[in-house]
There are 2 protein chains.
Amino acid sequence: MKFIIYGAGALGSLFAALLSRKHDVLIVGREKHIEAIEKNGLIVEGITSGVFHPETRWDGSQYDLIILTTKAYDTSQATKEARKKFGEIPFLSLQNGLKNEEKIAKIAGEKNVIGGITNHGVTFLEYGRIKHAGYGETVIGEMDGRVSDRIRKIAKAFNEAGIKTMVSEKIKEEIWRKAIINSAINGLTSILKCKNGELIKYKNLVKEICDEGSMVARKEGFTIENAFEKTMEVIERTADNYSSMLQDIMKGKKTEVEEINGEIAKVANKHGIKACYNIVLTKMIKEMENVGTQVGLLVIKSRRGP
Amino acid sequence: MKFIIYGAGALGSLFAALLSRKHDVLIVGREKHIEAIEKNGLIVEGITSGVFHPETRWDGSQYDLIILTTKAYDTSQATKEARKKFGEIPFLSLQNGLKNEEKIAKIAGEKNVIGGITNHGVTFLEYGRIKHAGYGETVIGEMDGRVSDRIRKIAKAFNEAGIKTMVSEKIKEEIWRKAIINSAINGLTSILKCKNGELIKYKNLVKEICDEGSMVARKEGFTIENAFEKTMEVIERTADNYSSMLQDIMKGKKTEVEEINGEIAKVANKHGIKACYNIVLTKMIKEMENVGTQVGLLVIKSRRGP
């Protein structure tokens, strides 16, 4: 198959690298990243290791799928640009947050949207170089739940390239689940300025945030089972990582808090509910972005146990 | 006049020292603190400087007023003990939080409660030694607003001893105002683990917390004007201080968050309102207490400004 990776940061670059082993891949991203790839290839370190050579310039040929991997606050803009450049091709979103598929549908049409989530751990080291830090599953699905031909084909193509991928008939629930997990882990680590693993000590807070998100999802008709347990699993698996949101804050960059916690709060509000954790986390993290707090060195010691 | 300072930590010890210049003062506190005072006197450094000699053992004589200066979570217990030991004497609360006067009244009777607030900055250095870090005003008042003889007498006695004191006919509003100021400064500095002055950058959050508290107070019939502006004044005046709540967290001690933010949230709840900031700050800080996070060394640099 022929894939366009649109908005390749860390995760998009990993998909470009892995897919390029078996498929035609065009990678679209920031010019400096693309130039570095043209010069030295796309260098992947960590649990995947190698130098990969996705296409970097469009030859005008027809592609099968645009995989959108931009930050969630860039979804609409990126969809418009990609649509303008590449014409009517389906989009698969592998982003964070709740509203990406809706935003894409508004621009590209409902039938051209496929939902997806992925849990790979990837870090952007420098232009042209990323680190694959942890394996994760990828789940894709049609927004209406059908197991269509195209969804089967994409899953097959991903799996052939070594990207473990499943098809879900309930992709919206998967997207909600991931948003809830992120709302707790990204939200709390950003406020507490700690590694994911530190949250093991803040279990009660993690639980309350997961419960709040699950309650909001239920109002939308989605039953998210065991959100707390799943979140604790992710915390344990990624204990030594800094969450992407905290990394953004540390770098003085914009975070995805509005697209994750902010959206949960908005949906709650629509149903007449005040989702306090998500409201307060959103406001606090937006304010931290504005202030531009940098965590130069943090030594937070626990009095008890490891 | 004859004063008992009951539960003398930093603030109580300052009052004991200052009042002892003109009045009979009996200081009641932790045994090690009392022993140090008996051995070396009560040593005050900073903007008040000297060695003071309040009484440390009760001679059985009648006193005029018990000034309660314990942590707010100890109010009921301390009132019971003081009442048992010293009999029916009026109490003046100079504590933090919202419910002290109510708790005292339940035990000592309504007519034996006087409300008060004070804004002195005092630090406990070691047993027998405190630092007077900043002057502040003291405001006292009868709970029903009357300007009684006894309130006049107490204010006069305080002023004679160099404690600038005013009588308010609206002491309940003063107590609410102080609780709101504390809810913002103590709450935020504890979560963000920063000095008070750092909050100048988090003005929007300070404002939202002050607005929330003022809204809750209004439901109780109290109009707290300019809570935000007053809070910013305190932040600027105490920029270089760590708030008492953050100090407690750093020392692994119990905080007064339930008596400050927690009470505001409870009152809101009584009126059918979810006070999100106060709910979330209370839960997060209680959890931080449980975890026992110690801030060993914090270097948080701002990208912008000075």
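In this predicted model, helix 11 (residues 276-291) of chain A packs against helix 7 (residues 203-219) of chain B, with the two axes 9 Å apart and at an angle of about 150 degrees. Because angles over 145 degrees count as roughly antiparallel, helix 11 of chain A is described as roughly antiparallel to helix 7 of chain B. On the side of chain A, the residues that meet the partner helix are A:Lys283, A:Met284 and A:Glu287. Facing them in helix 7 of chain B are B:Lys203, B:Asn204, B:Leu205 and B:Glu208. Sorted by class, this contact comprises four charged residues, two nonpolar residues and one polar residue.

Helix 7 of chain A and helix 11 of chain B are also connected, through a salt bridge. The side chains of A:Glu208 and B:Lys283 meet with a distance of 2.9 Å from N to O. This pair crosses between chains, since A:Glu208 belongs to helix 7 (residues 203-219) of chain A and B:Lys283 to helix 11 (residues 276-291) of chain B. A:Glu208 counts as partly exposed, its relative accessibility being 28%. B:Lys283 is likewise classed as partly exposed, at 35% relative accessibility.

Over all chains, the structure holds 44 salt bridges. Among them is the pair formed by A:Arg57 and A:Glu38, whose closest N and O atoms are 2.6 Å apart. A:Arg57 is located in the loop between strand 4 (50-52) and strand 5 (65-68) of chain A, while A:Glu38 is part of helix 2 (residues 31-40) of chain A, so the salt bridge ties together parts that are 19 residues apart in sequence. A:Arg57 is partly exposed, with a relative accessibility of 42%, and A:Glu38 is partly exposed as well, at 38%. These two residues do not stand alone: A:Glu31, A:Glu38 and A:Arg57 are linked in a network of salt bridges.

A further salt bridge in chain A joins A:Glu263 to A:Lys99, the closest N and O atoms being 3.2 Å apart. A:Glu263 lies in helix 10 (residues 258-270) of chain A and A:Lys99 in the loop between strand 6 (91-93) and helix 4 (100-108) of chain A, so this pair ties together parts that are 164 residues apart in sequence. With a relative accessible area of 8%, A:Glu263 is buried, because residues under 20% are assigned to that class. A:Lys99, by contrast, counts as partly exposed at 25% relative accessibility.

Conventions
Residues are numbered from 1 along each chain as its sequence is written. Chains are lettered from A and ligands numbered from 1 in the order in which they are written. This is a predicted model: local features need pLDDT of at least 70, side-chain atom pairs count only at pLDDT 80 or more; totals for chains, interfaces and linings use all residues. Side-chain values use heavy atoms; hydrogens and water are left out. A salt bridge is a side-chain nitrogen of Lys or Arg within 4 Å of a carboxyl oxygen of Asp or Glu. Helices (H or I, at least four residues) and strands (E, at least two) are DSSP runs, numbered from the N terminus. Buried means under 20% relative accessible area, exposed over 50%, partly exposed in between (1.4 Å probe, protein chains only). Axes are lines fitted to C-alpha atoms, for helices over the stretch in contact, and angles run from 0 to 180 degrees between N-to-C directions. Angles under 35 degrees count as roughly parallel, over 145 as roughly antiparallel, 65 to 115 as roughly perpendicular and the rest as oblique. Contact means heavy atoms within 4.5 Å. Ala, Val, Leu, Ile, Met, Phe, Trp, Tyr, Cys and Pro count as nonpolar, Asp, Glu, Lys and Arg as charged, and the others, Gly among them, as polar.
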